[in-house]
Amino acid sequence: MPGCMQHAAGRTVTLSQGALGQRALAARAPQQQQQRHQRRQCTSAKRLRVLAAAQEPEDSAAAASGPSAEAALTGSSSSSISWPAPAVGLSLFAAAPFALPLCMDGGSGNGANSSGGGGGGGGGAGQNEVFAIAEGSDEEEEDEEASEEESEEEEEGEEEEEGEEDVPVPSVGPDGSFYCAEIRASGLPVGEGIPSEDDLFAGLNCQKGFTCTRAELSDDIKALYQMGLFDSVNARVVPTGKGNKFKVVFDFVEKRYPEIQTFSVEGAKSLPQSVVDEVKAKLEKTKGEPFTMQTMAMIRNMIEGWYQSRGFGIAYINHYTGMPTGNVVAHVVEGRTTKLGVVHVDEDGSPTKRPGKISSAYILKHCPIEVGTLYSTRDAQKTLQNVFALDLFDNVQILPRQNEKDPSRVDVEVMVREKPTQTADVEAEWSVAPGDSGRPGLVSLVPGGTITYENRNLFGNAASVGASVTTKNFLAPADDLSFRVQFNQPYMYGLDDPKRTRLSASLFNGRKICGVFTPGPSGEEVPAVWVDRTGVKVGITEQYSRNSKGSLALVAQGITTRDETGAPCARGMRTTPFGQYVADGPPTCLSDKGVDRVLSAQGALTRDTVYLVNGAQVGDRDIFTVEQGLGIGTKAPLFNRMEAQVTRFVKLTNPRGKSAPVTVVAHGKVGNTIGDLPAYDAFLLGGPYSVRGYNVGELAACRRYAELAAEVRVPLLRQQAYAFAEWGSDLGSSGEVRGNPTEYYRRAGSGSSVGAGVKIGAIRAEGIRDNNSGKWHAFLAYGERF
């Protein structure tokens with residue numbers, strides 16, 4: 001078969017379609033059957049010869065038998081291995097291209113010495129029976145195409161003779177194009193860190209659901225082979241049996257290099273030597289074994305795992321060198337931020353050249369990404385949170401781009417789309433309640449609702465002002481009117497202020513039910529006591545580091561306790577067995593009239609290192625708050641009220657992909673007061689954000705307390721399932737509150753609970769056992785517990 005051997009000078013890849021032609025004929029002449037057999041032998045000879053050439057070491061070009069041109073075209077002596085990079089827009093392959101034309105084998109025919117596709121002319125097997133991809137000259141390809149045309153003409157003549165007995169089958173275009181319905185891999189090793197089918201096929205030209213040409217498939221095979229991971233790469237194109245569709249099957253033979261002698265890392269400036277030593281220690285255990293993809297994957301997992309565990313998303317092993325000699329070098333790319341900028345986009349998401357109303361310098365002040373440091377996905381996530389929290393943009397994106405010439409240089413763009421600077425909204429609502437007949441009806445034809453106004457860029461320096469008014473009756477708002485006006489000025493000392501001092505001022509009026517004067521576990525009906533607060537608050541907030549901040553504010557407020565009719569009430573009430581209200585409960589205020597005036601200073605310190613790992617919280621959070629009465633107001637109140645809480649989110653597993661890790665949460669909180677504390681400011685135990693399984697304040701109203709909680713969180717069907725246990729105690733301080741509301745409303749003073757739940761979006765659905773009563777309850781809550 002000399003014609004076949006001439007065509008085997010390069011790496012041969014066959015695409016067999018079985019005994020398939022333009023028509024499925026009922027019978028073939030013996031000569032045609034013999035031609036098919038010869039073609040299969042020709043293809044096998046090509047593959048065997050290329051496989052033998054590809055298994056030679058670096059100097060195999062000189063030692064291989066046959067013409068030197070054949071050995072030179074194998075490309076099997078490459079000593080560099082490129083590895084599929086992480087999904088961050090990196091180039092998948094890094095090897096120099098070489099010519100690899102795709103030829104169509106038209107059958108052996110009678111031209112055994114033809115340099116075309118294995119024969120000149122004859123061959124009734126049909127042009128679609130066998131495809132061959134090989135490295136050859138342009139002349140060989142032209143000869144082969146000529147033989148294909150002759151084969152097609154003879155095939156068409158046979159088709160006319162067959163007539164109505166012909167059965168249509170999948171066909172291939174004149175340029176070798178076909179519809180790819182499926183892509184599969186055969187012989188590909190499987191293991192953690194080894195490129196999967198998705199990794200290898202993601203950057204190919206031939207993709208499922210698209211038409212693929214022979215030139216594109218040729219480039220794909222070349223790219224896969226140039227990775228240096230395989231001794232040979234073959235591809236088979238076979239019909240699926242479902243219309244004019246084909247399946248591409250890539251056959252891989254893993255490359256096995258000599259035993260590793262030495263190992264080193266280049267380009268890893270931030271990688272500790274201890275990690276390299278750990279890799280070397282593991283490689284010592286592979287002495288006597290060949291250097292394979294499994295070995296490469298082990299090295300990759302250890303080195304890239306160190307970067308990924310620290311959030312360095314663009315740091316990876318780009319390629320290996322020195323495998324044929326055993327002196328392996330892993331070349332690492334560390335993506336460092338070299339440029340940080342802001343891109344304003346319009347309503348369609350297209351970049352705009354005109355500057356935004358919010359200056360880029362102001363936006364970048366909220367970006368923890370720093371030029372010159374390794375690009376961190378954690379910093380990118382924090383940047384998203386910080387910039388979006390400004391409430392000036394309705395779309396924020398972080399786009400890292402690697403430099404094409406130097407992949408270690410990363411340009412980061414913060415893309416923002418500004419909100420309208422001024423907005424006004426009106427929300428109307430009508431209340432429905434059962435009437436005298438028991439049927440639901442409108443309480444009033446006059447609606448209630450909320451009116452809001454906001455300006456997010458006052459004076460053009462990112463200052464904001466917002467106002468909201470809420471009432472149940474727009475025509476008579478005086479009875480239950482609540483309002484809030486707030487002003488914020490970031491960088492009150494200028495953009496160069498290292499503490500990013502923010503000035504805030506608010507005027508407020510609000511009303512809510514006081515949990516101090518609510519029933520205990522007996523569930524007896526108790527008239528509600530409402531607390532109205534009207535006042536003004538002025539404060540500053542400073543940023544001490546990326547994860548810590550502090551605030552200090554002065555608050556002047558008037559507090560009024562009211563009953564259900566809106567009249568001031570000085571004491572808590574209960575219901576007698578005869579249904580009457582008796583106001584013999586604990587005092588509600590410092591004064592005897594149900595109205596207090598208080599001036600106090602409030603401070604807070606926060607350290608928060610919590611970040612998200614695929615939706616799961618991981619990190620630490622510490623919060624300390626204090627309020628100091630200044631002795632100005634009703635009965636000159638001097639008091640101190642403080643709280644401290646510590647929360648730890650610990651990651652127990654390190655899953656790969658998009659799965660969230662299993663985490664455990666440990667939480668502790670304590671509080672204490674001294675001085676003239678009014679009852680409405682007592683600490684409350686129980687509730688969805690205290691000890692779960694109880695209503696708000698159901699356990700105690702106290703001056704000192706301690707809370708402990710533990711929770712285990714497990715990902716479940718892309719949601720989060722969790723189990724928890726909680727405990728809280730008033731530490732015997734309930735009796736120190738004026739009137740002892742805990743005793744008056746028959747509360748326990750302490751309690752614990754266990755339960756489990758699932759978090760769907762922002763909603764928590766929980767089943768909880770109240771250990772005081774031994775009963776199970778179902779609860780729905782919004783937001784995070786900790």
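This passage describes a four-stranded sheet, a helix and several aromatic contacts in a predicted model. Local features are reported at pLDDT of at least 70 and side-chain atom pairs only at pLDDT 80 or more, while totals for chains, interfaces and linings use all residues. Residues are numbered from 1 along each chain as its sequence is written, and side-chain values use heavy atoms, with hydrogens and water left out.

We may begin with the sheet. Four strands form an open sheet in the order 6-5-8-7, with mixed pairing; strands are DSSP runs of E of at least two residues, helices are runs of H or I of at least four, and both are numbered from the N terminus. Two strands count as paired if DSSP finds at least two bridges between them. Strand 6 (210–212) and strand 7 (230–239) are the edge strands, each pairing on one side only. From one strand to the next the twist averages 40 degrees, where angles run from 0 to 180 degrees between N-to-C directions and axes are lines fitted to C-alpha atoms, for helices over the stretch in contact. Strand 5 (residues 178–186) and strand 6 run antiparallel and are joined by three bridges; Phe 178 has Cys 212 in strand 6 as its bridge partner. Helix 7 (residues 214–226) packs on this sheet, touching strand 5, strand 6, strand 7 and strand 8 (246–254), with contact meaning heavy atoms within 4.5 Å. The direction of helix 7 makes about 150 degrees with that of strand 7.

Aromatic residues come next. The structure holds eleven aromatic pairs, defined for rings of Phe, Tyr and Trp (its six-membered ring) with centres within 6.5 Å; planes under 30 degrees apart count as stacked, over 60 as edge-to-face and the rest as tilted. The rings of Phe 250 and Phe 252 are stacked, because their centres lie 6.3 Å apart and their planes are at 25 degrees. Both Phe 250 and Phe 252 are buried (under 20% relative accessible area, with exposed over 50% and partly exposed in between; 1.4 Å probe, protein chains only). Together with Phe 201 and Phe 230, they form one aromatic cluster.

Turning to helix 9 (residues 293–309), its 17 residues should span 24 Å at 1.5 Å a residue, and its end C-alpha atoms are 23 Å apart, which agrees; the expected span is 1.5 Å times one less than the number of residues. Of these 17 residues, 13 are buried. Gly 311, just after helix 9, takes a positive phi of about 85 degrees.
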